[in-house]
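The exercises below are meant to be worked with the sequence and the 3D view side by side. Try each task before reading its solution.

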Amino acid sequence: MTKSGLILGIESSCDETAASVVRGGREVLSNVVASQMQMHALYGGVVPELASREHLRNITPVVREAMAKAGLEYGDLDAIAVTSGPGLAGALLVGISFAKSLAFALDKPLVAVNHLEGHIHAVLMQGSGSAGQRVSESEEEVPVLALVVSGGHTHLYLAEQRAGTWHYRNVGRTVDDAAGEAYDKVAKLLGLGYPGGPWIDTLATHGNPKAVPFRFAEIKHRGADPDAEPTFDFSFSGIKTAVLRYVETHGMKPAIDARRAEFADLKPAEAVSRLDQETLDLLASFQSAVVGNLAKQTLRAAEHFDVRTILVSGGVAANSELRATMAGQAAEKGIAVDFPELALSTDNAAMIAAAAWPRFVAGDFAASGLNAAPQQRLG
Ligand code: KG4
Ligand code: ZN
């Protein structure tokens, strides 16, 4: 085994403590994720202070496990990479402090990575006929369109590699809730488990997606100027309110309150037989509307910017209906669409080590004063 191009990635921006070793930005030697999901499920959402404390508890064993699984000594590493933002300040600081200490003690360079850039590289790092392969082998460096859709973000980026360096331009974003946030809030208000995405993904297949008509307002421009360059923004707070209104006007609350405690200990598939058809139809209609809106805006942007490849990443990219819908609609327009494998869709550190690789090659290292950037933007 050649011991070069080895980057240890560390990710702690939200509720997953993760470490991974990736060689040359592509070859995953280990990918360890300690999820805090069960703890936050008790509260129906991530509790920032508890997240920081859990990261502190988990970071050392998680990094040790990533190194052991890769079969490496710390001295073999070429660099340490860490998520610097966006995310929860206290959570980010745990990963950053750990990575800085390691880089200092080992006298290795430290690379700071934007979490959203990490999600994009989760797709780019995967080879064999995927967009990653096409992009890296492409003679001309053409832009791709990346939809990053998770619990905290719903962003569209034009991503382009020029002389080995990646450049990003934000061309769309949610103006209120992220798509994953809408999944989590709707699941919570219907008395389902946390996080809501996998629950609704499973249950929606048992309902009628046309039962409840949900509508999305068209957001074509930021500001009032109709001649401005179009933007491809999203809004997901309206559909959450529409679901709430449906629940209230259809007298669904007593059944929701009755099942909440029982469902906390169930797996999504075990809940199917315990739910009435009206709830399953409501979930199918919600998912169909959200997925339809994500696909429509993304394809509009792809056609506007004339891109040939779309990358979809982030936790919601694990959604089965989004995968099928995007693949089908993009194929009709002759556009390729790629998703990361499921383990790399949700938060992980392999994507951080992969995104760090071009920065490492370019000598783009973090300053010794690197701090957490909770609101950090990309592009
Ligand atoms: O990327 P991620 O792990 O963390 C953030 O950066 O936010 O994404 C977590 C989000 C949660 O909102 C979760 O409900 C959603 O991704 N999610 C899904 C699915 N799996 C996870 N949403 C829809 N369908 C899924 N299968
Ligand atoms: Zn994420």
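Four exercises on this predicted model follow, each with a solution in steps.

**Exercise 1. The two domains**

Task: Find the bounds of domain 1 and domain 2, and describe the contact between them.

Solution. Begin with the domain assignment, which gives domain 1 as 1-126 + 344-379 and domain 2 as 173-339. Next, take the centres over C-alpha atoms; those of domain 1 and domain 2 are separated by 29 Å. The contact itself draws on 16 residues from domain 1 and 14 residues from domain 2. Together the two domains bury about 1,000 Å² between them, and 66% of this area lies on carbon and sulfur atoms. On the side of domain 1, Gly44, Val123 and Ser345 account for 45% of the area buried against domain 2, which is more than any other three residues supply.

Then turn to the polar side of the contact, where the count of salt bridges between domain 1 and domain 2 is zero, while four residue pairs are in polar contact. Two helices, α1 (37-41) and α4 (115-124), each bring at least two residues to the side of domain 1 that touches domain 2, and α4 gives the most, with four residues. Sorted by character, the residues on this side of domain 1 are seven nonpolar, seven polar and two charged.

**Exercise 2. Around ligand 1**

Task: Which residues come nearest to ligand 1, and which atoms of Gly151, Asp184 and Gly197 lie by its oxygen atoms?

Solution. Among the 20 residues around ligand 1, the nearest are Gly151, Asp184, Gly197, Asp201 and Asn319. For Gly151, look at the backbone, where an N or O atom lies 2.9 Å from an oxygen atom of ligand 1. Gly197 likewise approaches through a backbone N or O atom, at 3.0 Å from an oxygen atom of ligand 1. For Asp184, look instead at the side chain, in which an N or O atom is 2.7 Å from an oxygen atom of the ligand.

**Exercise 3. A charged pair in a helix**

Task: Identify the residue with which Arg57 forms a salt bridge, and place both residues in the fold.

Solution. Recall the principle that side chains of opposite charge can pair when their charged atoms come close. A search of the whole structure finds 14 salt bridges. In the one asked about here, Arg57 pairs with Glu54, and the closest N and O atoms are 2.9 Å apart, which satisfies the 4 Å cut-off for a salt bridge. Both residues belong to helix α2 (residues 48-70), where they stand three residues apart, or about one turn of the helix.

**Exercise 4. Unusual backbone geometry**

Task: Where do Pro86, Pro195 and Asp107 lie, and what is the backbone geometry at each of them?

Solution. Keep in mind that most residues other than glycine have a negative phi, and that most peptide bonds are trans. The bond joining Gly85 and Pro86 is cis, with omega about -10°, and Pro86 sits in the loop between β4 (79-85) and α3 (89-106). The peptide bond from Tyr194 to Pro195 is also cis, with omega near -10°; Pro195 is found in the loop between α6 (179-189) and α7 (196-204). Finally, Asp107, although not a glycine, has a positive phi of about 55°, and its place is in the loop between α3 and β5 (110-114).

Technical notes. Residues numbered from 1 in each chain as written. Chains lettered and ligands numbered in written order. Predicted model: local features only at pLDDT ≥ 70, side-chain atom pairs only at ≥ 80, totals over all residues. Heavy atoms only, no water. Domains from an automatic or database assignment. Contact = heavy atoms within 4.5 Å. Buried area = accessible area lost by both parts, 1.4 Å probe. Salt bridge = Lys/Arg side-chain N within 4 Å of Asp/Glu carboxyl O. Polar contact = N/O pair within 3.5 Å; in protein donor to acceptor, adjacent residues only side chain to side chain. Nonpolar A, V, L, I, M, F, W, Y, C, P; charged D, E, K, R; others polar. Near = heavy atom within 4 Å.
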